[in-house]
Amino acid sequence: MKKLHIAATDETPEVHFDPHDGSILLRGTSMPEDPLGFYEPLESWMTEFVESDPGIVDAEIHLTYFNSTSAKRIFHLLLQLEDIKFGGGKVHVVWKYNDGDELMQMKGEEIADMLEIPVKLVKAE
């Protein structure tokens with residue numbers, strides 16, 4: 001399985017998924033013109049990753065903005081990580097938000113409440 005890296009743009013986040021060390025990173029802004037086109041490869045990669053039984057996953061989400069369509073796709077990616085936990089693996093999710101960004105902090109709290117994996121909210125430095 002290969003790493004997946006996509007550079008950030010004004011409309012899409014940086015993506016760095018590494019199956020070798022179990023790291024997952026989404027950072028930046030997510031409001032792609034074609035959300036399905038952007039997130040479908042990420043979801044396919046995640047499905048293959050989960051099926052590989054990675055054991056330990058460290059995910060970091062640090063978004064400064066995302067639209068409602070992106071929210072659904074991001075939540076779906078995180079839901080897939082639950083399968084790792086249910087299979088006996090360890091999943092650590094860190095949701096970072098910028099100082100003073102109450103909206104992104106609140107979104108992180110909402111997502112944490114809906115998942116059955118621990119989500120640690122951290123103010124970015």
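**Exercise 1. A salt bridge between two helices**

Is Arg73 buried, partly exposed or exposed? Determine this, and then describe the salt bridge that Arg73 forms with Glu43.

*Solution.* The structure is a predicted model.

Step 1. The relative accessible area of Arg73 is 23%. Buried requires a value under 20% and exposed a value over 50%, so Arg73 is partly exposed.

Step 2. In the salt bridge between Glu43 and Arg73, the closest N and O atoms are 3.1 Å apart.

Step 3. Glu43 belongs to helix H1 and Arg73 to helix H2; the pair therefore ties together parts that are 30 residues apart in sequence.

Step 4. For Glu43, the relative accessible area is 11%, and this residue is therefore buried.

**Exercise 2. Further salt bridges**

State how many salt bridges a search of the whole structure finds, and place the pairs Lys3 with Asp18 and Asp99 with Lys123 along the chain.

*Solution.*

Step 1. The search yields six salt bridges.

Step 2. One of them joins the side chains of Lys3 and Asp18, with an N to O distance of 3.6 Å. Lys3 lies in the segment before strand S1 (4-6), whereas Asp18 is in strand S2, so the pair ties together parts that are 15 residues apart in sequence.

Step 3. Asp18 has a relative accessible area of 6% and is therefore buried.

Step 4. Asp99 and Lys123 also form a salt bridge, with their closest N and O atoms 3.6 Å apart. This pair links distant parts of the chain, 24 residues apart: Asp99 is in the loop between S5 and H3, and Lys123 is in strand S6 (residues 119-123).

Step 5. Asp99 counts as exposed because its relative accessibility is 60%. Lys123, with a relative accessible area of 45%, is partly exposed.

**Exercise 3. The architecture of the sheet**

Which strands form the sheet, and in what order? Work from the overall arrangement to the individual strand pairs and the helices that pack on the sheet.

*Solution.*

Step 1. The sheet is open and consists of six strands in the order S1-S2-S3-S4-S5-S6, with mixed pairing. Its edge strands, S1 and S6, each pair on one side only. On average, neighbouring strands are turned by 15° against each other, direction ignored.

Step 2. S1 and S2 are antiparallel and are paired over three bridges. Here His5 has His16 in S2 as its bridge partner.

Step 3. S2 and S3 also run antiparallel, joined by five bridges; Glu14 is partnered by Arg27 in S3. These two strands form a hairpin with four residues between them, and Gly22 in the turn has a positive phi of about 75°.

Step 4. Between S3 and S4 the sense is parallel, with eight bridges. In this part of the sheet, Thr29 stands opposite Tyr65 in S4.

Step 5. Helix H1 packs on the sheet and touches S1, S2, S3 and S4; its direction makes about 15° with that of S2. Helix H3 likewise packs on the sheet, touching S4, S5 and S6, and its direction makes about 160° with that of S5.

**Exercise 4. The largest nonpolar core**

Identify the residues of the largest nonpolar core that touch the most other members, and determine which element gives the most to the core.

*Solution.*

Step 1. The core contains 33 residues, of which Phe17, Ile24, Leu42, Met46, Leu78, Leu81 and Val93 touch the most other members.

Step 2. The elements that each supply at least two residues include strand S2 (14-18), helix H1 (35-51), helix H2 (68-86) and helix H3 (102-114). H1 gives the most, with seven residues.

Step 3. Beyond its neighbours within four places in sequence, Leu42 is in contact with Leu4, Ile6, Val15, Phe17, Leu26 and Leu77.

Step 4. Strand S2 is mostly covered, since four of its five residues are buried.

**Exercise 5. The surroundings of Ser23**

Is Ser23 buried or exposed, and which residues does Ser23 touch?

*Solution.*

Step 1. Ser23 is located in strand S3.

Step 2. Its relative accessible area is 19%; because the limit for buried is under 20%, Ser23 is buried.

Step 3. The side chains of Ser23 and Asp21 are joined by a polar contact of 2.7 Å.

Step 4. Not counting residues up to four places away in sequence, Ser23 touches His16, Phe17, Asp18 and Asp58.

Terms used
Residues numbered from 1 in each chain as written. Predicted model: local features only at pLDDT ≥ 70, side-chain atom pairs only at ≥ 80, totals over all residues. Heavy atoms only, no water. Core = buried A, V, L, I, M, F, W, Y, C linked by side-chain atoms within 4.5 Å. Buried < 20%, exposed > 50% of the residue type's maximum accessible area, 1.4 Å probe, protein only. Contact = heavy atoms within 4.5 Å. Polar contact = N/O pair within 3.5 Å; in protein donor to acceptor, adjacent residues only side chain to side chain. Salt bridge = Lys/Arg side-chain N within 4 Å of Asp/Glu carboxyl O. Pairing = 2+ DSSP bridges. Axes fitted to C-alpha atoms, helices over the stretch in contact; angles between N-to-C directions.
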